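Q: Got a minute to go through this structure with me? I'd like to talk about pockets, cavities, strands and a helix pair.

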Amino acid sequence: MPTLLVKNIHTLVTMNDRRREIRHGALLVRDNVIEQVGTTKELPNTADEVLDLQDRHIVLPGLVNTHHHFFQNLTRVTPAGQNGDLFEWLTAHYPLWSNLTAEGMYYSSQLAAAELILSGCTTASDHHYLFPNDCTLDEQIRAVGGIGLRFHASRGSMSVGESNGGLPPDFLVEKEADILKDSQRLIEQYHDNDRYSMVRIVLAPCSPFSVSQDLMKESAAMARSYPGVRLHTHLAETKGDVEYSLSKFNLTPGDYAESVGWLGDDVWHAHCVKLSDRSIDKFGQTGTGVAHCPCSNMRLASGIAPIRKMLNANVPVGLGVDGAASNDATNLFHEARQAFLLARVKDEDASVMTARDALEIATKGGAKVLGRNDIGYLAPGMAADFVAVDLDKPGFVGTQQDPVAALIYCQTDYVDYSFINGQKIVDRGNLTTIEFKQIIEKSNQIAVKLASK
């Protein structure tokens, strides 16, 4: 099996239980698995491939994105949705999204995966819940597989339209029998629960205001009949979200989730900005996870999620960039910085979130939320998913006292190297698996068509 030696690392950030940081560090990888971690002096001198970072780079585990909507990068900054809250924003976008095709899904997924990888992400979950025209989740899985991102593909769904008291228009909802049939097909065709797997399937009815309680319950039962299939949805994102839950179900969002069987260590919910203290405690007790999406929550004026309170209650918390039309960016390092800053604003306490806390949420936290014990930190036996950031840049001048904290305090735009499953996906800032310019051009052409129909 081929070996890779990465040596002369300025600082190797392992993110292990001791948060060990190794000056003059090195990593030895065999095939797709880390074999040794230590100083450059401690590790072998040679390997099949050697990357000498010349004491200029920080290496850390790849970041984990726990919530996204890849296709939305085709409808960024839509004028009608620029200044609305969640429900107004959705209503402005539904007509555009009804024009989505399989081709649009493919190229938007490649673009989103590329943007994520360049910003330090090595594992991502996407929540795709719209299947108009010829769209299938197969297109997304194929597109992401071609780039090399470790991928949790969520089979989302909407089944309750306006005529039945839901938010989405009737022309975008599916029949629940069809949703469940396709969910089973995707699990049996693509889901890989083995260690180091590159594709896993998630069942993800969209939200309380777009699916029935029956679909939530049946999706949970189906997911739990297959090993490693997890559950994901939106929950308690806004005041309007809470009001809908109370009026429709006579339950708070957290109680609604519990009533349909959506608490447990195989479940994670996006946003949870308005989750009650009692529900936070229940999430912590049951191991129910949260995808924190600070930029989207700010952009839609949803509020600030109480992340420190969640962490103190032992709630698993990961980061999500959320949809590329509600952020409107796809940069996971920027999301980590915003999470760090916003936690301090929320509690009006500069000690409530440290830079290393933010890095932990972005790596180990996300891995736990996705149910992975093979990614999120660097140690022998872990997947060879790691990134390197060159410190020899203007934005890092003056950070010699603590360059690790600089990754969060300063603005880290892109990574210089990314290895996913032992493969070099980013080399000196450039993607190695696709022609990025071509993807941008094709995606722009599709976006123009989408908006003009």
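A: Sure. One term before we start: a pocket here is an open set of grid points with protein on both sides within 12 Å along at least five of seven lines, and lining residues have an atom within 4 Å of a point. Also keep in mind that this is a predicted model.

Q: OK, so which residues line the second largest pocket?

A: The lining is made up of H10, R56, D390, L391, D392, K393, F396, V397, G398, T399, Q400 and P403.

Q: And how much space lies in that second largest pocket?

A: About 170 Å³.

Q: How does its lining split by class?

A: Evenly, with 4 nonpolar, 4 polar and 4 charged residues.

Q: What about the largest pocket, how much space lies there?

A: That one holds about 290 Å³. It is lined by 13 residues, and the closest to its centre are L311, V315, V317, E360 and G365.

Q: Which elements give two or more residues to that lining?

A: Those are α10 (307–312) and α12 (355–369). The largest share comes from α12, with 6 residues.

Q: How do the residues lining the largest pocket divide by class?

A: There are 5 nonpolar, 2 polar and 6 charged residues in that lining.

Q: Switching to closed spaces. How many cavities of 30 Å³ or more does the structure hold?

A: It has 2 of them. The largest cavity has a volume of about 120 Å³, and of the 15 residues lining it, L86, W89, L90, Y129 and H234 are the closest to its centre.

Q: Where does the largest share of that lining come from?

A: From helix α1 (residues 86–97), which supplies 4 residues. By class, the lining of the largest cavity has 8 nonpolar, 5 polar and 2 charged residues.

Q: And the second largest cavity, what lines it?

A: You'll find P61, G62, V64, T122, I375, G376, Y377, L378, A383 and D385 around it. The space in the second largest cavity is about 40 Å³. Its lining divides into 6 nonpolar, 3 polar and 1 charged.

Q: Let's do strands. How many bridges join β1 to β2?

A: There are 8 bridges between strand β1 (residues 3–13) and strand β2 (residues 21–30), and the two run antiparallel. To get your bearings in that pair, look at I9, which stands opposite G25 in β2.

Q: In which sense do β2 and β3 pair?

A: Antiparallel, with 6 bridges between β2 and strand β3 (residues 33–39). Here L27 stands opposite V37 in β3.

Q: How many residues sit between β2 and β3 in the hairpin?

A: Just 2 residues. D31 is in that turn, and its phi is positive, about 60°.

Q: Last topic, the helix pair. At what angle do the axes of α2 and α3 cross?

A: Roughly 35°, with the axes of helix α2 (residues 102–118) and helix α3 (residues 137–147) coming within 8 Å.

Q: Is the crossing of α2 and α3 right-handed or left-handed?

A: Right-handed.

Q: Which residues meet there?

A: On the α2 side you have A102, M105, Y106, S109, Q110, A113, A114 and I117. They meet L137, E139, Q140, R142, A143, V144, G146 and I147 in α3. By class, the contact of α2 with α3 comes to 10 nonpolar, 4 polar and 2 charged residues.

Key:
Residues are numbered from 1 along each chain as its sequence is written. This is a predicted model: local features need pLDDT of at least 70, side-chain atom pairs count only at pLDDT 80 or more; totals for chains, interfaces and linings use all residues. Side-chain values use heavy atoms; hydrogens and water are left out. Axes are lines fitted to C-alpha atoms, for helices over the stretch in contact, and angles run from 0 to 180 degrees between N-to-C directions. A crossing is left-handed if the near helix is turned anticlockwise from the far one by less than a right angle, and right-handed if clockwise. Contact means heavy atoms within 4.5 Å. Ala, Val, Leu, Ile, Met, Phe, Trp, Tyr, Cys and Pro count as nonpolar, Asp, Glu, Lys and Arg as charged, and the others, Gly among them, as polar. On a 1 Å grid over the protein atoms alone, a cavity is a set of points where a 1.4 Å probe fits but cannot get out, and a pocket is an open set with protein on both sides within 12 Å along at least five of seven lines; lining residues have an atom within 4 Å of a point. Grid points are joined across faces, edges and corners, and a volume is the space filled by probe spheres set on the points. Two strands pair if DSSP finds at least two bridges between them.
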